[in-house]
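Let's walk through this structure together, one region at a time. Keep the viewer open as you read, and turn the molecule as each part comes up.

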Amino acid sequence: MHLKHLEWPFFEERHRVLAQELEAWCQAHLQDPAHGADVDAECIQLVKHLGEGGWLKHAIAGQALGGAAEAIDTRSICILRETLARCHGLADFAFAMQGLGSGAISLAGTAAQRERYLPRVARGEALAAFALSEPQAGSDVAAMQCSASEDGDAYLLNGEKTWISNGGIADFYVVFARTGEAPGSRGISAFIVDAGIPGFEIAERIQVIAPHPLARLRFTNCRVPKSQMIGAGGEGFKIAMRTLDVFRTSVAAASLGFARRALQEGLAQAKSRAMFGATLADLPLSQAKLADMACTVDSSALLVYRAAWQRDQGQNVTREAAMAKLMATEGAQRVIDSALQLHGGRGVQSGEIVESLYREIRALRIYEGASEVQQLIIGRDLLKNS
């Protein structure tokens, strides 16, 4: 059931093989989707396991550096995220951050930067983080206040970043800061900042409803060598958007994985729950709810893999990726809510899979562009190209 959609024409045989091999690995290594008490340690261990399993090679670009291919294959990372999310939410998070955190280096890093960081990311030996959001600059990146001023052969970083995934456990952070080449988004640059260097501190660890490593970062005259700039000065916004363009579709794929698991749990509950002398599944209302869930899952999958396929053909997918993220994340929220409703009181009990899914999905409607931002992107693109 999980792999039937891989028969669609969006995929090649290598994608079907990847999915089958990952499915077997997940069954062997990710039996319990529940988080442990120490989420930091669990994330670090999951990254190590994903590296040892050979899955992180799909998160970077460059075969000589340990990557699966010269460029990141969007369909592959979507298959990986969908499958991992269905099996284990924190494993999906661990994989995703290795890709997003190092994505700017894959796309625009120098040869020296790529050689220094990407092989360690692929082996699971170095944890990556992507530091874009600020207390007053989330969806509006142009409002960024974190600054980087030239100081001889280095830049001095000053300011804060917040809601940074892997914050506090990452070995390096791709940080975006205002260098002032031009106003607004055109005056932002990207830097690789190693954890533990002077002037860089974890100002606060942030607790959220689905436990993940998150933090607020603070930079105080943090000296970063010019050799750590990714791309040229003022290219940071473009690099950030290119990175998000690769991984935004994979957020939709993770949502799809959560929704598939919710449908699976809902079906099992409906067929096994005795009610009114029959089962929950025998009730027309339950059948209608399951039908809506199935339609939502398949429509999301079509949008996700259309966008992934188009990007792998070299096409611009700004609108398609936004559509996939909007519909898959919002749809997964509805599917999971329906699965929880089918479980009745059990659905809100701590430790139940549907309760965990309910907490896991909520953030995906916000990060890497909230649903409302996706609507703006789609609307503007329609108007521009109509």
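A good place to begin is a pair of cysteines: the sulfur of Cys26 has its closest cysteine sulfur in Cys87, 4.1 Å away, which is too far for a bond. A disulfide would need the two sulfur atoms within 2.5 Å. Bear in mind that this is a predicted model. Cys26 itself is buried, at 2% relative accessibility.

What about Cys78? The closest cysteine sulfur to that of Cys78 belongs to Cys26, and at 15 Å it is too far for a bond. Cys78 is buried as well, with a relative accessible area of 0%. Searching the whole structure turns up zero disulfides.

Now step back to the overall picture. The protein chain holds ten helices and ten strands. Does its radius of gyration point to an extended or a compact chain? A compact globule of 386 residues would have a radius of gyration near 21 Å, and the protein chain has 21 Å, so the two agree. The C-alpha trace spans about 80 × 50 × 40 Å along its principal axes. Of the 386 residues in the protein chain, 54% are buried. If you take the contacts between residues at least 6 apart in sequence, 73% of them join residues at least 24 apart.

With that in mind, return to Cys26, which is one of the buried residues of α1. The others listed there are His15, Leu18, Ala19, Leu22, Glu23 and Trp25. What covers this buried set? Part of the answer is that α2 and α3 do. The helix has 17 residues, which should span 24 Å at 1.5 Å a residue; the end C-alpha atoms of α1 are 24 Å apart, so the expectation is met.

Moving along the chain brings you to α2, which runs over residues 39-52. Helix α2 has 14 residues, and from its first C-alpha to its last it reaches 20 Å, close to the 20 Å expected at 1.5 Å a residue. At its N-terminal end sits a cap: a side-chain oxygen of Asp38 lies 3.3 Å from the backbone nitrogen of Asp40. Just after the helix, Gly54 adopts a positive phi of about 85°. The buried residues within α2 are Val39, Glu42, Cys43, Leu46, Val47, Leu50 and Gly51. These buried residues pack against α1, α3 (74-87), α4 (89-108) and α5 (111-123).

Next, look at the aromatic rings. A pair of rings is described by the distance between the centres and the angle between the planes. The whole structure contains nine aromatic pairs. In one of them, the ring centres of Trp8 and Phe10 are 6.5 Å apart with the planes at 75°, so this pair is edge-to-face. The angle passes the mark because edge-to-face means planes over 60 degrees apart. Trp8 is partly exposed at 21% relative accessibility, whereas Phe10 is buried at 17%.

Phe10 has another partner too. With Trp309, Phe10 forms a tilted aromatic pair, 6.4 Å from centre to centre and with 50° between the planes. Where do these two rings sit along the chain? Phe10 lies in the segment before α1 (13-29) and Trp309 lies in helix α7 (residues 284-312), so the pair ties together parts that are 299 residues apart in sequence. Trp309 is partly exposed, with a relative accessible area of 32%. Through these ring pairs, Trp8, Phe10 and Trp309 are linked into a cluster.

Two more stops round off the tour. Ser165 is found in strand β3 (residues 154-165), and it is buried, with a relative accessible area of 17%. Which residues touch Ser165, once its neighbours within four places in sequence are left aside? They are Phe93, Met97, Ala129, Pro213 and Leu214.

Finally, find Leu382 in helix α10 (residues 371-384). Is Leu382 buried or partly exposed? Its relative accessible area is 40%, so Leu382 is partly exposed. Leu263 is 119 residues away from Leu382 along the chain, and the C-alpha atoms of the two are separated by 33 Å.

Note on methods:
Residues numbered from 1 in each chain as written. Predicted model: local features only at pLDDT ≥ 70, side-chain atom pairs only at ≥ 80, totals over all residues. Heavy atoms only, no water. Phe/Tyr/Trp six-rings, centres within 6.5 Å; stacked < 30°, edge-to-face > 60°. Buried < 20%, exposed > 50% of the residue type's maximum accessible area, 1.4 Å probe, protein only. Helix = DSSP H or I, 4+ residues; strand = E, 2+ residues; numbered from the N terminus. Expected span 1.5 Å × (residues − 1). Contact = heavy atoms within 4.5 Å. Polar contact = N/O pair within 3.5 Å; in protein donor to acceptor, adjacent residues only side chain to side chain. Rg over C-alpha atoms; globule rule 2.2 N^0.38 Å.
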